[in-house]
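Me: I am new to reading protein models, and I would like a close look at one part of this one, the sheet and what lies against it. Please take me through it slowly and explain the terms as they come up.

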Amino acid sequence: MSIFKPVTIVTGASSGIGSALVRVFAEHGHEVAMVARREQEMTLLASELALRTKVRPHVLLVDLLRADAPARIAHELLGRGLEPQFVVNNAGFGLIGQATELDRGEQLAMIDLNVRALTDLSLRWSDSIARHQGGILNVASLAGFMPGPGMAVYYATKAYVLSFTEALHEEMKAKGVRVTALCPGPVPTGFQARAGIRPGELPRMLDVAPERVAAEAYQGLMAGRALIVPGTGTKLVSWVPRFVPRGILRWAVMQSQGRRNSKDSIWPRKPSPRA
Ligand SMILES: NC(=O)c1ccc[n+]([C@@H]2O[C@H](COP(=O)([O-])OP(=O)(O)OC[C@H]3O[C@@H](n4cnc5c(N)ncnc54)[C@H](OP(=O)(O)O)[C@@H]3O)[C@@H](O)[C@H]2O)c1
């Protein structure tokens, strides 16, 4: 038996889907360690949850873009007598625009956060997660199912997260570890402003509230599901790539991103049905 207490790590816990996930885990009795850069937001949430659940979540101020971030989280947990039972890799961001015109450094940082940090944190505690019969929840996206001209690097990072997580799901099943990919469509959070999407530019019909996304994610993870796509409309869109030729899919995504892209409101391309 371990002398360490099991904890659920949630990255990107200071806003949006991450905050909602912290609430759900805390309300189900998990001890939670919140990871992000904004202290005030996390402290407020920790205080609110301490009152409601009688257990105060831990606040870890960590910039996951730093190469030593995963080691710092491990060090902090050790110091508090904690070891991971569940790891929720939620921190991430996207950028709208043509890849060749967006800042290259920012796009590489997106890969570091959405892919590199997520991979490190998914692999780092596999023994402790197995020992506690826990799991890993990786936040991918509807974007992971298709190529994303107009948000090329972001879609590619989420395709990685989806593929990696599904593979890990199979590999870790035998150890009794649950591994789940969460693939939300549009969720009204700070994500859109960070990505450069202006208010009103997105159609709202596919919107799912962060609270509902988090509740479905928690249920799906605990049930050992490989994949969760919250919302009926989002589920339908996630099936489209199975039936539509890749050329048409690329064109359709490009049109929809192009409409939102302030620099390139209309893309001068026609669909090419050949894949
Ligand atoms: N909203 C959507 O429509 C949507 C759809 C599909 C998938 N997703 C995915 O859902 C996840 C959560 O996004 P959200 O919608 O909740 O957006 P959000 O409100 O902008 O939250 C992003 C979170 O990531 C954290 N973060 C960003 N950079 C970080 C860094 N360098 N180090 C540590 N933490 C960092 C932020 O915290 P700090 O700024 O405090 O560090 C924040 O807590 C992302 O992976 C996103 O790709 C979102």
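Reply: In this predicted model, seven strands form an open sheet in the order β3-β2-β1-β4-β5-β6-β7, with parallel pairing. Strands here are DSSP runs of E with at least two residues, helices are runs of H or I with at least four, and both are numbered from the N terminus; two strands pair if DSSP finds at least two bridges between them. The edge strands are β3 (58-61) and β7 (227-228), each of which pairs on one side only.

Residues are numbered from 1 along each chain as its sequence is written. Because the model is predicted, local features need pLDDT of at least 70 and side-chain atom pairs count only at pLDDT 80 or more, while totals for chains, interfaces and linings use all residues.

At the β3 edge, strand β2 (residues 32-36) runs parallel to β3 and is joined to it by four bridges; Ala36, for instance, has Leu61 in β3 as its bridge partner. Helix α4 (residues 104-123) packs on the sheet, where it touches β1 (5-11), β4 (82-89) and β5 (135-139), and its direction makes about 140° with that of β4. Touching, or contact, means that the C-beta atoms of two residues, placed from the backbone, lie within 7 Å. The axes behind that angle are lines fitted to C-alpha atoms, for helices over the stretch in contact, and angles run from 0 to 180 degrees between N-to-C directions.

Strand β4 includes Asn89, which counts as buried because Asn89 has 28 C-beta neighbours inside 10 Å. The rule is that a residue is buried if 20 or more other C-beta atoms, placed from the backbone, lie within 10 Å of its own, exposed if 12 or fewer, and partly exposed in between. Leaving aside residues up to four places away in sequence, Asn89 touches Thr11, Leu118, Leu121, Ser122, Asn138 and Val139. Leu206, by comparison, is 117 residues from Asn89 in sequence, and the two C-alpha atoms are 23 Å apart in space.

To set this part in its surroundings, the chain has ten helices and seven strands, and 44% of its 275 residues count as buried. Among contacts between residues at least 6 apart in sequence, 71% join residues at least 24 apart. Along its principal axes, the C-alpha trace of the chain spans about 60 × 40 × 35 Å.
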